[in-house]
Amino acid sequence: MNSLTSMEYKVLRALLKEKLKTGYDFHSGKNKIMSNSAWNKIRKHLLQENLIKIEKEEDYPRKKKFYSLTLWGLLEALAD
């Protein structure tokens, strides 16, 4: 596994704390921690490294993907 950036660790810690989050929670919610473009880059990398997964999807009233930690993501978040 490649080394992770501080922002990627921030995402893992947020998911460790709150279990499920949408991309909106990271880039536009009231507790925004990054820009939309940063989220897209980090999301792709964490999915590729099998550290996060799409836990569920909703289509109504808006399409939402809820992300959670994988076992590897949990271990990485706890090791940080």
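**View 1. Glu 58 forms a salt bridge with Lys 56.** In this predicted model, the N and O atoms of Lys 56 and Glu 58 that come closest to one another are 3.6 Å apart. Glu 58 is partly exposed, its relative accessibility being 27%, and Lys 56 is likewise described as partly exposed, with a relative accessible area of 39%. Side chains of opposite charge can pair when their charged atoms come close.

**View 2. A salt bridge links the side chains of Glu 55 and Lys 53.** The distance from N to O in this pair is 3.6 Å. Glu 55 counts as partly exposed at 41% relative accessibility, and Lys 53 counts as partly exposed at 37%.

**View 3. Lys 21 and Glu 18 are joined by a salt bridge.** Here the closest N and O atoms are 3.3 Å apart. Lys 21 has a relative accessibility of 8% and therefore counts as buried, while Glu 18, with a relative accessible area of 42%, is partly exposed. The count of salt bridges in the model comes to three.

**View 4. Three strands form an open sheet with antiparallel pairing.** The order of the strands in this sheet is 1-3-2, and the edge positions are taken by strand 1 (21–22) and strand 2 (52–58), each of which pairs on one side only. Strand 3, made up of residues 64–69, runs antiparallel to strand 1 and is joined to strand 1 by two bridges. Within this part of the sheet, Thr 22 stands opposite Phe 66, which belongs to strand 3. Strands of a sheet pair through backbone hydrogen bonds, either parallel or antiparallel.

**View 5. Helix 1 lies across strand 1, strand 2 and strand 3.** The direction of helix 1 is at about 90° to that of strand 3. Helix 3, which covers residues 36–48, also packs on the sheet, where helix 3 touches strand 2 and strand 3. The direction of helix 3 makes about 115° with that of strand 2.

**View 6. Leu 16, a residue of helix 1, touches Leu 69, Leu 74, Ala 77 and Leu 78.** These contacts leave aside residues up to four places away from Leu 16 in sequence. Helix 1 spans residues 6–18, and Leu 16 counts as partly exposed, with 27% relative accessibility. Although Leu 16 and Gly 73 are 57 residues apart in sequence, their C-alpha atoms are 8.8 Å apart in space.

Notes. Residues are numbered from 1 along each chain as its sequence is written. This is a predicted model: local features need pLDDT of at least 70, side-chain atom pairs count only at pLDDT 80 or more; totals for chains, interfaces and linings use all residues. Side-chain values use heavy atoms; hydrogens and water are left out. A salt bridge is a side-chain nitrogen of Lys or Arg within 4 Å of a carboxyl oxygen of Asp or Glu. Buried means under 20% relative accessible area, exposed over 50%, partly exposed in between (1.4 Å probe, protein chains only). Helices (H or I, at least four residues) and strands (E, at least two) are DSSP runs, numbered from the N terminus. Contact means heavy atoms within 4.5 Å. Two strands pair if DSSP finds at least two bridges between them. Axes are lines fitted to C-alpha atoms, for helices over the stretch in contact, and angles run from 0 to 180 degrees between N-to-C directions.
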